[in-house]
Amino acid sequence: MWSSLVIPIFLFLSFSSVGLAPDPGSTTHENDNYPPFWDQIDGDIAEFPVQNNKIIVDPWKYMDRLRIFKILITESNKYFASFGKNNTGNVFWALTLLYGRLFKTDRFAEPPNSSRCAYESGISSCISINSGWGGISYYVVMMYFLAAIESEFLGSLPYEVELLSREEYRSNFCYSIEECRAAHPQIMDIANRFYKYLLSRKIVSTTSGIPQYDTDEDTAIFKMWAAHQAAIDVAKPMFSDVSFYSSETERDFTMDFLLAAEFFEAALYRPYFQSSAEFLVGFPHRLLTDQDRNVLMSNFSRREKALITVAKLTTKINKSTDFKVAFIILLTGNINVLIFTGGLLLTIWKKLMTSKFARATGRFFIKRLLLIPIE
C-alpha cells in the first residue's frame, strides 16, 4: 500500500517547489563549473612528489585531493566514451564538481568561521581536519583512490603511495590500503567491484578513432554510486556533531543533502558533467547560519532555496513517525490528504527503483524538483 504513495509524495514535493524554481533564463558558463585550479593539474600520478621511494600524497591539501579526482577521471575516460562527447560522460564528474563546489563555498574551512583553509587561500589551501565536509569528502575520494590502487586499476605504480596522516582525530581516518581494508572492508570491496567491472570491459567498436567499450550505463553508474554511498555511510556518523560545522543549520543541511543524495543515487541519477553542473547550481553559495534556519536570507538564489527546501522536506518526511506528514493532491475537485507512514520513504523508494522505467521516472521527478525552470 505504502509504495503506491511514494510517487504522489514526490509529485507533491515537486509542486511545492514551484515558487522556488529558477528563472528560465538562468544559465552558467561551462568554465565556471570546473573545480578551482582544474586547469593547473595534469591528471598524472607523477605530479605527486617522491620521497624515499614513496609517492607522497597529503590528503589535507585541496590540490592533492583534486589531483586524485583528475587521475581517476583520466584513467577511466575510455570506458565512458560512449556516454558523452569530449569525456563529459565520465561518472566521476558528479563527485569532482561537488568537491570543487565545497571548496569554493568555504566548506573545507576551519569551523566555525575561521579564514584558515578558506577558498581565499588559493592554490595552497588546506582542508581543515575539523571540517565535517572535509572529513566526509576524505572518505569518498580516498576510498576510491586506494581501491583503484589495490585493484590495479591505475596499473603498476613505480612506487608505493604514502598518505600523510594527522594526529588529530587519528582514529577517525585510515591512511593506507591495509588500514582502510582492516577498518572498512565493505567500502574497499564495493569500490573494488566498480573498478574490476571496468577492467572487464572490452572494445566493441570505434567511433572517429575512439574505442568504444561495452560498458553498460546503468551498471557502471550503479556501482559508482554504491561505492560512494558505502563511504558516506561510514563517514556520516563520524562527522554529524555540530562542532564540525559553522552552525547547527549548516550541519543540518549537510545531513539533509546527504539523505537527499540517496534518493538521487537510487534513481541512478546521471553523474555526468552537464547534469552534475546543472544540479550544483542549487548548492548554497555560502555556509548557512542559524539566521537561515526558519527563513532563508534573500542572498540565496531561487535555485539554492529550492535545493535547501527540498532536502529539508525530504528529511522531515523520511523521519516522520506520527503519521501526520502528508501530501496533498487535487482529486475530483476536492482536496484529499493521504497519510504516509513514518520512516519508510527512502526504503520504499529504493525498492521502487528496480526497473529502467521506474528509475527514469525517478530522475524526471528529481529534475522537476530542482532543475526545470518555472515561469
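Is cysteine 117 buried or exposed? Select cysteine 117 in this predicted model. With a relative accessibility of 3%, cysteine 117 counts as buried, because the cut-off for buried is under 20%. Its backbone also deserves a look: phi of cysteine 117 is near 65 degrees, a positive value in a residue that is not glycine. The residue sits in the loop between α4 and α5.

Stay in that loop and select proline 111 and proline 112. The peptide bond that runs from proline 111 to proline 112 is cis, and its omega is near 5 degrees. Proline 112 belongs to the loop that links α4 (93-104) and α5 (132-150).

Next, go to leucine 268, in the loop between α9 and α10 (273-280). Here too phi is positive in a residue other than glycine, with a value near 55 degrees for leucine 268. Leucine 268 has a relative accessible area of 4% and is therefore buried.

Keep leucine 268 selected and bring up the second largest pocket, which holds about 310 Å³ of space. Its lining has 14 residues, and those closest to the pocket centre are Phe222, Glu265, Ala266, Leu268 and Lys350.

Then colour the helices around this pocket. Both α8 (217-238) and α9 (248-266) supply at least two residues of the lining. The largest share, six residues, comes from α8.

Last, colour the lining by residue class. Eight residues of the lining of the second largest pocket are nonpolar, five are charged and one is polar.

How values were computed: Residues numbered from 1 in each chain as written. Predicted model: local features only at pLDDT ≥ 70, side-chain atom pairs only at ≥ 80, totals over all residues. Heavy atoms only, no water. 1 Å grid on protein atoms, 1.4 Å probe; cavity = no way out; pocket = protein on both sides within 12 Å on 5 of 7 lines; lining within 4 Å. Points joined across faces, edges and corners; volume = space filled by probe spheres on them. Helix = DSSP H or I, 4+ residues; strand = E, 2+ residues; numbered from the N terminus. Nonpolar A, V, L, I, M, F, W, Y, C, P; charged D, E, K, R; others polar. Buried < 20%, exposed > 50% of the residue type's maximum accessible area, 1.4 Å probe, protein only.
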